[in-house]
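Reader: I have a protein chain to look at and I am new to this. Please take me through its sheets, pockets and cavities.

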Amino acid sequence: MRTHCFDGTHRTRPPEQTWQAVKPLLPRYGITRVADVTGLDDLGIPVTMAARPLARTLSVAQGKGTTLDAARVSGALEAIEVWHAERAIPDASVPQAPACALHLPYAVTDLEQHPGSLLTHRVLLDWIPARPVADGAETLVPEHAVRLGRTVHNDWRLHLPSASTNGLGSGNTRAEAIVHGLCEVIERDVLSALTAPGHAEIVDPATVTVPYCAALLERLTERGCWLELRHVPNRFAVPVVCCHLWREDQSAAVVAGSGAHPDPDIAMSRAITEAAQTRLTLINGSREDNQPFTYRPGPHRPPEHSTAHLTPWPAVTGRYPSAAGTDTQMALHLAAAVASSSGNVPLVVDLTWGPYERAEFAVVKVCAPGLRHTARHTVPRPKEAS
């Protein structure tokens, strides 16, 4: 289906229509409320909180957007994604087999895993079906590369490889969900290598003119925020943007957000709104993994601005072709970028299959062997060379 730009997002239908379709389904996925928490901060950037008390992982999902409906959809679908990764895993096609006994198109050790993992091609694993983004033969991925939360077994087994929400995506259509998942695995790969100051370009906020991004930046400036925008060139040739944000009322923390999307303006919008979401997550204390240091008194002064040359935003956006087209075309474009960079075709596990299929949305897990990923999602701010 053809996608359209709705103030910070590319979708096949407007966020308000998606929200009306999803809202009646929330109890089915254990979501007791999708709360508008925007007013807990005074930045005015819409942020929501979706509560799922019986979750097998984090019980609260966050949502953000340039509009309240977009933020509601973001929070609700994030919670729905995780529900599916906990409870809607396809049945094992091949139980208890080592990778070396299967004809896999990738090395199992190239899948996402924590440092020090004991995973080898001889470890016994349960395998579930997956397919390439483009047409191709069905293959297998380990169940525990997809499943979130622990499950009880009668036999002892290593829970390997360890899954995360990286690559978990949802959308109005299956292709839209795949785009979401592919953008995330690209973003995490790029951020995992963001260490050197010269690795990213500092964007001049004054040159950002696309209305929905300019409005967000103006709002932050009016409220006395220090901010820094970075565009991160990468091997995928996909726009990745980071936003670091600080204000005196949270003086111990520089919060951050990031975004990746074929449309650079949408990547920037995602980065800015995610930074605002991170601020609100600290304010409302709704996450179990908030870091204690962020609540300690700190110096009441902003970080030093980078001394690097400021890059005009039009100089960045001009490098990328138009992202217009269908959701399928966008998914194929991103999949080709991942395959050419990693040497592995990204694989998709459909989590809205059979009894879980819905007309209102689709959920998938994208597995991208060979891509980098840090266990704890952070957006590092490179230190200036001394």
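Reader: How many bridges join strand 12 to strand 13?

Author: This is a predicted model, where local features need pLDDT of at least 70, side-chain atom pairs count only at pLDDT 80 or more, and totals for chains, interfaces and linings use all residues. Residues are numbered from 1 along each chain as its sequence is written, and side-chain values use heavy atoms, with hydrogens and water left out. Strands (E, at least two residues) and helices (H or I, at least four) are DSSP runs, numbered from the N terminus, and two strands pair if DSSP finds at least two bridges between them. Strand 12 covers residues 240–246 and runs antiparallel to strand 13; the bridges joining them number six.

Reader: Which residue of strand 13 stands opposite Val240?

Author: Strand 12 spans residues 240–246. Look across from Val240 into strand 13, and you meet Ala260.

Reader: Why do strand 13 and strand 14 each have one side without a neighbour in the sheet?

Author: The open sheet has five strands in the order 13-12-11-10-14, with mixed pairing. Strand 13 (255–260) and strand 14 (310–312) stand at its edges, so one side of each is left without a neighbour, as each has a single partner strand.

Reader: By what angle are neighbouring strands of this sheet turned against each other on average?

Author: Axes are lines fitted to C-alpha atoms, for helices over the stretch in contact, and angles run from 0 to 180 degrees between N-to-C directions. For this average, direction is ignored. The turn is 35°.

Reader: Which strands does helix 3 touch when it packs on the sheet?

Author: Contact means heavy atoms within 4.5 Å. The direction of helix 3 makes about 125° with that of strand 13. The strands touched are strand 12 and strand 13.

Reader: In what order do the three strands of the other open sheet lie?

Author: Their pairing is antiparallel. Strand 3 (33–36) and strand 5 (60–64) are the edge strands, each with a single partner. Neighbouring strands are turned by 25° on average, direction ignored. The order is 3-4-5.

Reader: Which residue in strand 5 is the bridge partner of Ala50?

Author: Strand 4 (residues 47–51) and strand 5 run antiparallel, joined by five bridges. In strand 5, the partner of Ala50 is Ala61.

Reader: Which helix lies across strand 3, strand 4 and strand 5?

Author: Helix 5 (residues 264–284) lies across strand 4 and strand 5, at about 140° to strand 5. The helix you want spans residues 68–87 and runs at about 150° to strand 5. That is helix 2.

Reader: What is the volume of the largest cavity?

Author: On a 1 Å grid over the protein atoms alone, a cavity is a set of points where a 1.4 Å probe fits but cannot get out; a pocket is an open set with protein on both sides within 12 Å along at least five of seven lines; lining residues have an atom within 4 Å of a point. Grid points are joined across faces, edges and corners, and a volume is the space filled by probe spheres set on the points. The count is three cavities of 30 Å³ or more. The largest has about 170 Å³.

Reader: Which strand gives the most to the lining of the largest cavity?

Author: Of the 14 lining residues, those closest to the centre include Glu112 and Asn166. The top contributor spans residues 362–367 and gives three residues. It is strand 16.

Reader: Which helix gives the most to the lining of the second largest cavity?

Author: This cavity holds about 60 Å³ of space. Ten residues line it, with His10, Arg11, Glu176, Val179 and His261 closest to its centre. One helix gives three residues: helix 3.

Reader: How many charged residues are in the lining of the second largest pocket?

Author: Ala, Val, Leu, Ile, Met, Phe, Trp, Tyr, Cys and Pro count as nonpolar, Asp, Glu, Lys and Arg as charged, and the others, Gly among them, as polar. The pocket has a volume of about 170 Å³. Its lining has eight nonpolar and five polar residues, and the number of charged ones is zero.
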